[in-house]
Number of protein chains: 2
Amino acid sequence: MIKRIGAYTLKFCEPPIITGYGATAGKKESEGPLGKSFKKVYYDSRAGQDTWEKAEAKFQQEAFIQAMDMSGNRAEDIDFIFAGDLLNQLISSSYSMRGFNIPYLGQYGACSTMAQGIIMASMTVAGGAANQAGAVTSSHFCTAERQYRYPLEYGGVRPQTAQWTVTASGSVVVSSTGKGVEVCHGVVGKIVDKGVTDLNNMGAAMAPAAMDTLKTFFDDTMTKPQDYDRIFTGDLGQVGTEILHQLLQGEGYFIDDVHRDCGLMIYDREKQDVHAGGSGCGCGASVLCSTILDDMAEKKLNNILFVATGALMSPTSNQQGESIPSVAHLVHLKNQDV
Amino acid sequence: MIKRIGAYTLKFCEPPIITGYGATAGKKESEGPLGKSFKKVYYDSRAGQDTWEKAEAKFQQEAFIQAMDMSGNRAEDIDFIFAGDLLNQLISSSYSMRGFNIPYLGQYGACSTMAQGIIMASMTVAGGAANQAGAVTSSHFCTAERQYRYPLEYGGVRPQTAQWTVTASGSVVVSSTGKGVEVCHGVVGKIVDKGVTDLNNMGAAMAPAAMDTLKTFFDDTMTKPQDYDRIFTGDLGQVGTEILHQLLQGEGYFIDDVHRDCGLMIYDREKQDVHAGGSGCGCGASVLCSTILDDMAEKKLNNILFVATGALMSPTSNQQGESIPSVAHLVHLKNQDV
């Protein structure tokens with residue numbers, strides 16, 4: 001059963017369990033600080049496929065198969081798959097999941113998709129609709145760049161506030177029983193739009209959404225940042241991280257010591273030319289489904305928040321002068337025996 | 001609580017109730033056989049906005065406000081909104097829902113989005129996560145045509161198998177208590193792809209998915225088509241309808257007498273130049289949220305199936321030679337006192 005506490009927070013009374021997870025990453029990601037954590041690396045950006053889009057679908061398949069294998073399940077044991085990505089009409093997801101014969105629910109939360117998928121999967125398990133549900137998401141530098149910005153061959157110059165779209169996928173299997181990390185709480189974010197219009201400064205657009213969701217969670221649960229071993233954001237990057245810290249300080253919450261941003265963890269910004277850090281659905285997803293959940297399995301971390309942020313605009317809305325609406329979804333994950 | 005019966009069917013043990021619904025439509029739709037059923041009609045394709053995309057967002061807002069009003073709720077009473085549309089990055093949904101301050105979950109099922117949204121809203125209500133949840137979706141001929149096919153000014157000639165994208169929106173509010181139509185069962189569809197690649201023949205691509213989901217439901221519940229007053233499909237159009245009848249006959253199910261397709265209901269194909277019928281997320285949604293739910297309120301219909309089908313390709317995947325993966329989601333709706 002699921003209860004609501006405070007204004008917006010969901011409490012999973014018998015917490016669903018992440019019994020399996022997996023992450024696939026590209027060459028650049030394998031050369032970063034977390035390179036050794038990804039279970040599978042494709043050094044070829046096409047992953048043996050004839051287009052980048054098909055490669056992204058293959059990244060998803062691989063991550064999902066890893067998650068199923070770890071949880072000891074086969075595709076026929078999975079009751080629902082919640083899948084999404086950045087591409088128009090979510091083609092990475094529909095083509096990657098086409099062969100599995102699993103009831104399919106396409107999710108779009110831009111870079112917040114991993115947290116959205118975990119919340120949805122947990123809702124189905126905790127509500128009795130599923131015994132096992134999967135969540136998967138991905139991004140790919142080459143597919144995203146040509147869809148959202150410029151043809152790759154054009155070689156457009158990127159400002160320092162821009163983030164680098166991560167080529168990676170992450171996936172989890174959430175189960176009603178088993179061993180693993182518990183999904184204790186979730187917060188579905190509201191759309192926040194503070195009027196930012198710069199497509200090369202997503203961190204600034206998304207930070208207020210992260211603030212809103214974190215403040216909601218702290219208020220609803222009457223906890224503070226220091227009650228958690230770590231608070232991970234999906235991909236605010238350097239600019240968004242600084243804004244988030246300032247915004248939360250204004251509300252009396254200091255997260256600087258416990259906060260890490262997946263967009264800043266995945267690359268070495270001194271050696272890898274990624275400007276403000278990594279971004280994309282695959283950023284938070286692949287970092288969660290590698291080093292973070294590995295550290296929880298080894299009890300280096302026991303009690304964390306994962307907050308993934310998404311910018312919900314499109315090139316069309318931007319060309320029409322619209323600002324960037326953002327959203328942030330949160331999951332509270334805890335080791336079972338802690 | 002939610003139980004699973006048979007292989008894939010969800011049974012909502014205390015059925016969530018559709019306590020409010022609303023539909024907004026455009027001029028062409030107002031001139032069709034259902035014209036008088038839509039609560040609000042915009043005769044201007046831009047609905048007073050400066051772009052068609054912003055107009056589509058306004059259609060959604062209007063339909064959702066109608067649904068909230070009818071259910072006696074205000075935005076702060078709605079725990080989640082499940083929203084989606086056909087546009088890249090679901091901008092109709094994110095911009096339409098930006099002002100409501102409701103926890104937001106973007107859904108993508110192409111033209112199956114209305115059924116997907118009702119299932120998701122019902123899951124949150126039946127599982128205890130929400131007291132009230134909303135679902136909304138839309139499509140717009142002008143935004144879809146220029147995104148998926150050709151600039152409108154080009155005036156491309158359409159083959160007879162092509163469907164006409166409906167300019168409309170539909171929305172429901174699903175509640176844990178109250179008066180209205182019960183959501184008794186749901187089936188989340190699996191992705192079905194029989195290799196159709198013709199973007200101007202979506203009906204043929206989607207019919208096998210509708211067959212798969214309907215057969216699943218009949219098998220799981222041990223019922224037959226004639227146990228229902230009507231079976232409505234979202235928008236198979238003329239071509240898809242004929243294929244669905246043939247496919248189900250092959251499985252021993254005859255639905256011809258009880259089946260109606262929203263894509264064939266919304267336009268007068270003899271007088272309105274729409275070729276194989278209507279399509280788009282807004283087609284099934286606006287027909288359900290006007291004449292169908294009106295007929296249920298008046299007890300002309302008491303026990304129906306609503307099956308919405310979606311084609312999950314994009315122009316990019318099509319250009320890369322991919323076939324069209326499809327999905328169909330089903331909800332079983334029943335009057336409370338029957």
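Biologist: Which residue in β15(B) does B:L305 stand opposite?

Modeller: In this predicted model, B:L305 stands opposite B:H332 in β15(B). The pair belongs to a longer pairing, in which nine bridges join β14(B) to strand β15 (residues 326–335) of chain B. These two strands run antiparallel.

Biologist: Which other strand is joined to β14(B), and how do the two run, parallel or antiparallel?

Modeller: Strand β11 (residues 230–233) of chain B is joined to β14(B) by four bridges, and here the strands run parallel. Within this pairing, B:F232 stands opposite B:F306.

Biologist: How many residues of strand β14 of chain B are buried?

Modeller: The criterion for a buried residue is 20 or more other C-beta atoms within 10 Å of its own. Strand β14 spans residues 303–311 of chain B, and eight of its nine residues are buried, so the strand is largely enclosed by the rest of the structure.

Biologist: How should the two faces of a strand be read, and which residues lie on each side of β9(B)?

Modeller: In a regular strand, side chains alternate between the two faces of the sheet. In β9(B), one side holds B:A168, B:G170, B:V172 and B:V174, while the other holds B:S169, B:S171, B:V173 and B:S175. All of these residues are buried, and both faces are thus recorded as covered. The count for the strand, residues 168–175 of chain B, is eight buried residues of eight.

Biologist: Which strands are joined to β9(B)?

Modeller: Strand β3 (residues 17–26) of chain B is joined to β9(B) by eight bridges and runs antiparallel to it. In that pairing, B:A25 stands opposite B:A168. Strand β7 (residues 132–139) of chain B is also joined to β9(B) by eight bridges, again antiparallel. There, B:A135 has B:V172 as its bridge partner.

Biologist: Let us turn to the two chains. What turn lays chain A on chain B?

Modeller: Two copies of a chain are related by a rotation about an axis and a shift along it. Here a turn of 180° with a shift of 0.0 Å along the axis lays chain A on chain B, with an RMSD of 0.0 Å. The two copies are therefore related as by a two-fold rotation axis. The residue of chain A that comes closest to this axis is A:G127, whose C-alpha is at 2.0 Å.

Biologist: How many residues does each chain give to the contact, and which elements of chain A take part?

Modeller: Chain A and chain B each give 47 residues. On the side of chain A, the elements that give two or more residues are β1 (2–5), α3 (91–97), β6 (104–108), α4 and α10 (315–319). The largest share, five residues, comes from β6(A). By type, this side of chain A divides into 24 nonpolar, 17 polar and six charged residues. The copies meet through the same surface, because 100% of the interface residues of chain A are also interface residues in chain B.

Biologist: Which strand of chain B is joined to β6(A)?

Modeller: Three bridges join β6(A) to strand β6 (residues 104–108) of chain B, and the two run antiparallel. In this pairing A:Q107 stands opposite B:Q107.

Biologist: Into which domains is chain A divided, and how many residues does each give to the contact between them?

Modeller: Domain 1 of chain A covers 2–175 and domain 2 covers 181–335. Their centres, taken over C-alpha atoms, are separated by 16 Å. The contact takes 60 residues from domain 1 and 60 residues from domain 2. On the side of domain 1, helix α4 (residues 113–126) of chain A gives the most, with seven residues. That side divides into 32 nonpolar, 22 polar and six charged residues.

Biologist: Where does A:N101 lie, and what is its phi?

Modeller: A:N101 lies in the loop between α3 and β6 of chain A. Its phi is positive, about 60°, although it is not a glycine. A:N101 is partly exposed, with 14 other C-beta atoms within 10 Å.

Biologist: Is A:A110 buried or exposed?

Modeller: A:A110 is buried, with 32 other C-beta atoms within 10 Å. This residue lies in the loop between β6 and α4 of chain A, and it has a positive phi of about 50° although it is not a glycine.

Biologist: What are the confidence scores of the model?

Modeller: The mean pLDDT of chain A is 96, and 100% of its residues reach 70 or more. The model scores ipTM 0.97 and pTM 0.98.

Conventions:
Residues numbered from 1 in each chain as written. Chains lettered and ligands numbered in written order. Predicted model: local features only at pLDDT ≥ 70, side-chain atom pairs only at ≥ 80, totals over all residues. Least-squares fit on C-alpha atoms with pLDDT ≥ 70 in both. Contact = placed C-beta atoms within 7 Å. Domains from an automatic or database assignment. Nonpolar A, V, L, I, M, F, W, Y, C, P; charged D, E, K, R; others polar. Pairing = 2+ DSSP bridges. pLDDT = per-residue confidence, 0-100. Buried ≥ 20, exposed ≤ 12 C-beta atoms within 10 Å, placed from the backbone.
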